[in-house]
Amino acid sequence: MAGLTFSKGGVHPEEHKELTERLAIEEMPPPAQVALPLSMHFGAIAQPVVKKKQEVQEGEVIAVVEKGLGAPIHSSVTGTVKTVEPRPHPTMVRCDAIIIDRDPAAAPRKYERENWTTLSREQLLARVKDAGIVGLGGAGFPTAVKLSPPPTAKMDLLILNGAECEPYLTTDHRIMLEHPEQVVEGAKIMVKILGIKKGVIGVELNKPDAINALQKALKVSDGHDEGEIAVQGVQVKYPQGSEKQLIYSLTKRSVPGGGLPFDVGVIVQNISTTVAVYEAVTMNKPLYEKVMTVSGRAIKRPANIKVKVGTVLSDVVEYLGGVSDDLLKIVSGGPMMGFAMSSMDVPVVKTTSGVLFLNSKETSIGPYGPCIHCGWCLQACPMGLAPKEIGIYVEAGKGHLTERFGIMECFECGCCAYVCPAKRPLVQFCRLAKIGVKRGS
Amino acid sequence: MEPQWAVSISPHIRQTQTTAGIMWTVSGSLIPVLLLSIYNFGLRSLFITLSSVISCVVVEAICQRALGRPISVKDGSAVLTGILLAFVIPPGVPYWLPIIGAVAAIFINKQLMGGLGFNVWNPALVGRALLTAAFPVYMTAAWIPSREVSHVPILNYIWGGLDGVSTATPLYVLRHYGMEALTKQFGDLPVIYTNFLLGFKPGCIGETSAVLILLGGLFLMARGIITWPIPVSTLASVAVISWVFGGETWLSGPVLVHLLSGGVILGAFYMATDYVTSPSLKTAQIIFGIGVGGLTMLIRLKGGYPEGVCYAILLMNCLTPALNEWFRPERFAPPKQAPVAAAK
């Protein structure tokens, strides 16, 4: 069975998931020091509420966003605040971070399970908000805000994004396989918050074990009756896990350009986010740990690991046995949309779903040639744009004239650049074109 | 100090096909055609092809040097142009002739327009068009009969002149003397079909063997380098028009003779499909192919030349920018149309 899929474009990059898909999630021992950047979410940068030398507990709030969009930040260890100073950041280059020295004697904090079914929607939402949960797929949009669509929106479906279409990444796969009951319960909580009846978990068909596990969990959990949750396999095709593409695959509804999923009555949540909601609501546990895939052929021991948010990458590398000499590029996130990082001093943030250590056989940096108009990018673009024209316009200094090719709908999935035989940096051209359109010149 | 690692914009993985890979694959798929041509017309075929390829590469390198561009002859695009240019000129021409074609193809048509990707016309066909205009005698009379038919020794005509080796192409005979003369010269229809399909007939160096060109084309399709719309629509429109208008009466034309003669098949699979000079989307490609087939038949049936593929493709190349503009990809989810303000 080919499975449900989106209507246009898409590519089939080599998956490389075999490196980690059979490895159970392991917990990395907490590091001696963590660096918690003040921006790990979409919105305003958080302000510290702790002082130098102040002692903090694991799970204690250390920074908040008073005004505007944002999410609070919690300490991921028990210890002492050392300082607040600029540190490298996976997407922002540099950002102020709260540095905390861990108290080696402190015992890990324990959480007790609580009954949540008696809580009101407002109480549930408050727990999600206070736990500092943001979209963990990468965008980092505050989840509590996403779970409060405007009253005018007619919501009818929650979609859990278990596509995990990025090569290498196996985080969501392992979570669905090892903790399907948490995923299902998290879905039921969110369905209740939204006041809707239906939820569907979309999983790419290359994870049959995860689909099985979720189906079993669904049978067991039928007691709660908080709404009807189902699992649906979708075709293995990048970018199946893109919000608009997954919504189309599962519902045949398309979110118009400039619109949001709630325009078509849908809300999409990432699998890790769902588990974070589950932990926040059932155990009052804030979000300060992150399951991530560390993979690529230049890391000695690829793994799916649960780490404290704020763990510096070099500590992760040390824990996993170091890197090999042919390491060429470090990528935060998946290889199609992730960010290359110039150093290992970068801390793991809430939105880090994976870190890849790629050698020169897996990735390359090279010159590019002129567009030969093969048209492959036109076939690959899932939004039906014209990347080759956009690239040529940008090279000619006319990026601001590309709106007619639909440039503002581009979400930088990278399909165009992936197929380009001339190896043109089409995503870069598209970003420049968007800047040009916004600026008007 | 911690070593600093390479950074670049996503995606960090790419599929393996490259521009050079495409050019060399297309070039390689033409080798069987060249081998058959050597068998057919002698080593002249090889030497003319070599002359053409070397001229194209040298002209490209000189132009790039002179224009201050990086020298990119390794990408194989000049080599491919050279092969295709040789394939559309007769085997009996002097060895220096392709040099002039190469200057037209590479210098005027390609490098002066901005280099690879910026030329409006198919480079090899620009070369052929210029040679046809400048050296009409060579380009329309320097034919050699196929060795399979005339049993000429393979080393014949290498150094010698061209006296008395001239023959006529099937299309020339058909155009000027009709079907009867064609069967008289090239045998009954079944013989004609077999020889034309296999390539045992007079013609341009790389145009004679329908079956080898088809195999090369199918190989390129299997590799995903070319797609069906342009070849199929070109061949279909040639077939339909030759059937309807090509005979003594309506609906009686010699379809197979038209399909298997001249440059239709080479043009359909290797010239009209040139990425740079043909449209990118399926609908536009089908219109393009119908245009190529239609103009080819218009020239063959009503024009002054017995063969029209070259000009048909060059003319349709002119329409490519417009076709690309008229046919854009259908967007997945464009913004909702803002409600139009009521006009006063």
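A:E412 counts as partly exposed, because it has 18 C-beta neighbours inside 10 Å, and a residue needs 20 or more to be called buried. This residue sits in the loop between α10 (387–395) and α11 of chain A. Keep in mind as you look around that this is a predicted model. The backbone of A:E412 is worth a glance too: its phi is positive, about 65 degrees, although it is not a glycine.

**Unusual spots in the backbone**

Most residues other than glycine have a negative phi, and most peptide bonds are trans. With that in mind, here are some places to find in the two chains.

| Place | Backbone value |
|---|---|
| A:E412 | positive phi, about 65 degrees |
| B:L251 | positive phi, about 60 degrees |
| A:N284 | positive phi, near 60 degrees |
| A:Y238 to A:P239 | cis, omega about 0 degrees |
| B:S10 to B:P11 | cis, omega near -5 degrees |

Where do these residues lie? B:L251 is found in the loop between α12 (229–245) and α13 (255–260) of chain B. Is B:L251 buried or exposed? With 9 C-beta neighbours inside 10 Å, B:L251 is classed as exposed. The two prolines of the cis bonds can be placed as well: A:P239 belongs to the loop between β11 (228–234) and α6 (243–251) of chain A, and B:P11 to the segment before α1 (19–28) of chain B.

**Chain A as a whole**

Now step back and look at the whole of chain A. Its secondary structure comes to twelve helices and 17 strands. Along the principal axes, the C-alpha atoms of this chain fill a box of roughly 60 × 50 × 45 Å. The radius of gyration of chain A is 21 Å, which agrees with the value near 22 Å for a compact globule of 441 residues. Of these 441 residues, 57% are buried. Contacts in chain A also link distant parts of the sequence: among those with a separation of 6 or more, 74% are between residues 24 or more positions apart.

**A sheet and two covered helices**

Chain A holds an open sheet of six strands, in the order β1-β14-β13-β17-β15-β16, with mixed pairing. Which strands stand at its edges? They are β1 (26–27) and β16 of chain A; each has a single partner strand, so one side of each is left without a neighbour in the sheet. At the β16(A) end, three bridges join β15(A) to β16(A), and the two strands run antiparallel. You can find this pairing by looking for A:I330, which stands opposite A:M341 in β16(A).

Helix α3 (residues 171–178) of chain A lies across three strands, β13 (289–295), β14 (303–308) and β17 (354–359), and runs at about 120 degrees to β13(A). This helix is mostly covered, with seven of its eight residues buried. Among the buried residues of α3(A) are A:D172, A:H173 and A:R174, along with A:I175 and A:M176.

Another covered helix is α7 (residues 271–283) of chain A. How many of the 13 residues of α7(A) are buried? Eleven are, so α7(A) is largely enclosed by the rest of the structure. The buried residues of α7(A) include A:I271, A:V275, A:Y278 and A:E279. From its first C-alpha to its last, this helix reaches 18 Å, close to the 18 Å expected at 1.5 Å a residue. Just after α7(A) comes A:N284, one of the residues in the table, with its positive phi.

**Where the chains meet**

The contact between the chains involves 54 residues of chain A and 35 residues of chain B. On the chain A side, the elements that give two or more residues are β15 (327–332), β16 (339–341), α11 (415–419) and α12 (426–439). β15(A) gives the most, with four residues. Sorted by class, this side of chain A has 32 nonpolar, 15 polar and seven charged residues.

**A buried serine in chain B**

To finish, visit B:S77 in helix α4 (residues 77–87) of chain B. B:S77 is buried, with 29 other C-beta atoms within 10 Å. Leaving aside residues up to four places away in sequence, B:S77 touches B:M23 and B:L116. The C-alpha atoms of B:S77 and B:T19 are separated by 8.6 Å, although these residues are 58 residues apart along the chain.

Key: Residues are numbered from 1 along each chain as its sequence is written. Chains are lettered from A and ligands numbered from 1 in the order in which they are written. This is a predicted model: local features need pLDDT of at least 70, side-chain atom pairs count only at pLDDT 80 or more; totals for chains, interfaces and linings use all residues. Two residues are in contact if their C-beta atoms, placed from the backbone, lie within 7 Å. Ala, Val, Leu, Ile, Met, Phe, Trp, Tyr, Cys and Pro count as nonpolar, Asp, Glu, Lys and Arg as charged, and the others, Gly among them, as polar. The expected span of a helix is 1.5 Å times one less than its number of residues. A residue is buried if 20 or more other C-beta atoms lie within 10 Å of its own, exposed if 12 or fewer, and partly exposed in between; C-beta atoms are placed from the backbone. Two strands pair if DSSP finds at least two bridges between them. Axes are lines fitted to C-alpha atoms, for helices over the stretch in contact, and angles run from 0 to 180 degrees between N-to-C directions. The radius of gyration is taken over C-alpha atoms; the globule rule is 2.2 Å times the number of residues to the power 0.38.
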